[in-house]
Amino acid sequence: MTKQDQGAQASAYERAGVSIDAGHRAVELMKGAVARTHTPNVLGGLGGFGGLFRAAFGHMDDPVLVASTDGVGTKTKVAVRSGTFTGLGGDIVNHCVNDILVQGARPLFFLDYVAMGKLLPERVAEVVTGAAQACEALGVALLGGETAEMPGVYVDGELDIVGTIVGVVDRPKLINGSRIQAGDTVIALPSSGLHTNGFSLARMALDDLDWNEARDDLNGQTLAQVLPVPHRAYLHAFDALERAGIDVRGMAHITGGGLIDNPPRVFPQGIGMQIDTASWTVPPVFELIVQRAQVARHEAFRALNMGVGFLFILPAAQAGAALDTLKTAGEKPWVIGQMVEGQGVTFTGAV
């Protein structure tokens with residue numbers, strides 16, 4: 001094929017809406033940030049057909065791989081409206097890390113997928129750089145990913161983000177909730193906002209407001225500041241509890257389904273959770289959404305995290321030590337409730 005023929009073919013692909021050059025430019029913009037996440041177990045760099053990770057678990061008796069895939073939902077539309085994209089990378093990494101943390105797994109490597117109708121290299125690089133920064137903070141290798149340009153599938157200007165995490169836990173240390181007992185204490189850690197769930201409801205409730213207006217009911221902040229705040233990771237908090245010898249019997253990541261549907265996923269038969277809603281103040285952004293969407297408060301506790309990001313379930317006798325350990329680690333924990341005989345989650349106080 002002559003260079004002229006190659007040029008004609010390339011321009012035809014461009015006319016179809018796909019730019020190969022834009023994809024290469026996106027990789028160039030992000031590769032430095034990705035390389036900084038690579039641990040000694042990563043073999044090779046960006047550009048291969050598959051990422052290589054050396055599975056060396058000599059310190060474990062029976063290593064079990066734990067994997068999870070998730071997305072950031074319609075938070076992407078919040079990013080488009082606010083013009084803030086870096087946080088989306090942190091959102092997806094931290095969400096996935098928290099999901100496998102529930103079983104006691106430490107993250108090994110992460111894979112990302114970013115898709116757009118028309119590829120904007122700087123925007124893709126901003127998202128992936130944010131993911132790389134989150135990975136670097138947690139000691140996770142960003143092993144690879146995919147940047148897809150699909151005109152006609154995605155609306156121009158919009159994007160989609162998906163992440164896959166693979167971690168490992170020694171089977172004797174696997175946390176599955178089976179040891180949870182009635183009387184155990186439940187300690188909560190705060191969310192940093194909506195995290196990655198409830199944005200369809202939030203956008204319906206808040207769409208017609210001025211997102212750049214400083215609001216008294218948001219303590220002087222704007223919606224454009226509050227809504228894009230990235231999802232928190234809770235790995236370091238768990239590490240602190242483990243180092244302190246706290247017997248963590250169960251954990252729950254409060255995502256879609258809120259405090260109603262998520263905790264029971266780790267309950268043993270015949271055990272439920274009682275939550276005291278007076279134990280914390282629901283952050284203003286959630287109250288604003290509930291008010292403007294006119295949703296029942298019980299529904300809000302199912303659609304939104306209401307300011308609660310993660311739960312630790314542990315023996316009541318260790319509650320004081322656990323609270324002190326978490327505070328020393330820089331967290332703001334509180335006792336949100338206890339485990340009881342029964343099933344599901346019940347609430348005391350106003351819901």
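**View 1. Two cavities inside a predicted model.** The structure holds 2 cavities of 30 Å³ or more, and what we're looking at here is a predicted model. The largest cavity takes in about 40 Å³ of space, while the second largest has a volume of about 30 Å³. The next two views take them one at a time.

**View 2. The lining of the largest cavity.** Around this space of about 40 Å³ sit Lys-75, Val-78, Ala-79, Thr-84, Gly-87, Leu-88, Asp-91 and Pro-228. Two helices, H3 (75–82) and H4 (86–101), each chip in at least two residues of that lining. Sort the lining by class and you get 4 nonpolar, 2 polar and 2 charged residues.

**View 3. The lining of the second largest cavity.** Here the walls come from Leu-194, His-195, Asn-197, Ile-254, Thr-255, Ala-303, Leu-304 and Asn-305. That set splits into 4 nonpolar and 4 polar residues, with no charged ones. For the largest cavity, by contrast, the lining includes 2 charged residues.

**View 4. The second largest pocket.** Now for an open space: the second largest pocket holds about 340 Å³. It is lined by 17 residues, and those closest to its centre are Lys-173, Leu-174, Ile-175, Phe-238 and Glu-242. Strand S6 (159–170) and helix H8 (235–243) are the elements that give two or more residues to this lining. S6 makes the largest contribution, with 3 residues. As for chemistry, the pocket lining counts 9 nonpolar, 2 polar and 6 charged residues.

**View 5. Val-290 and its surroundings.** Look for Val-290 in helix H10, which runs over residues 284–293. With a relative accessible area of 10%, Val-290 falls under the 20% cut-off, so it counts as buried. Leaving aside residues up to four places away in sequence, Val-290 touches Val-295, Arg-297, Ala-300 and Met-306.

**View 6. From Val-290 to Phe-301.** This close-up pairs Val-290 with Phe-301, which are 11 residues apart in sequence. In space, their C-alpha atoms are 9.9 Å apart. Val-290 belongs to helix H10, and its contacts beyond four places in sequence include Ala-300.

Note on methods. Residues are numbered from 1 along each chain as its sequence is written. This is a predicted model: local features need pLDDT of at least 70, side-chain atom pairs count only at pLDDT 80 or more; totals for chains, interfaces and linings use all residues. Side-chain values use heavy atoms; hydrogens and water are left out. Helices (H or I, at least four residues) and strands (E, at least two) are DSSP runs, numbered from the N terminus. Buried means under 20% relative accessible area, exposed over 50%, partly exposed in between (1.4 Å probe, protein chains only). Contact means heavy atoms within 4.5 Å. On a 1 Å grid over the protein atoms alone, a cavity is a set of points where a 1.4 Å probe fits but cannot get out, and a pocket is an open set with protein on both sides within 12 Å along at least five of seven lines; lining residues have an atom within 4 Å of a point. Grid points are joined across faces, edges and corners, and a volume is the space filled by probe spheres set on the points. Ala, Val, Leu, Ile, Met, Phe, Trp, Tyr, Cys and Pro count as nonpolar, Asp, Glu, Lys and Arg as charged, and the others, Gly among them, as polar.
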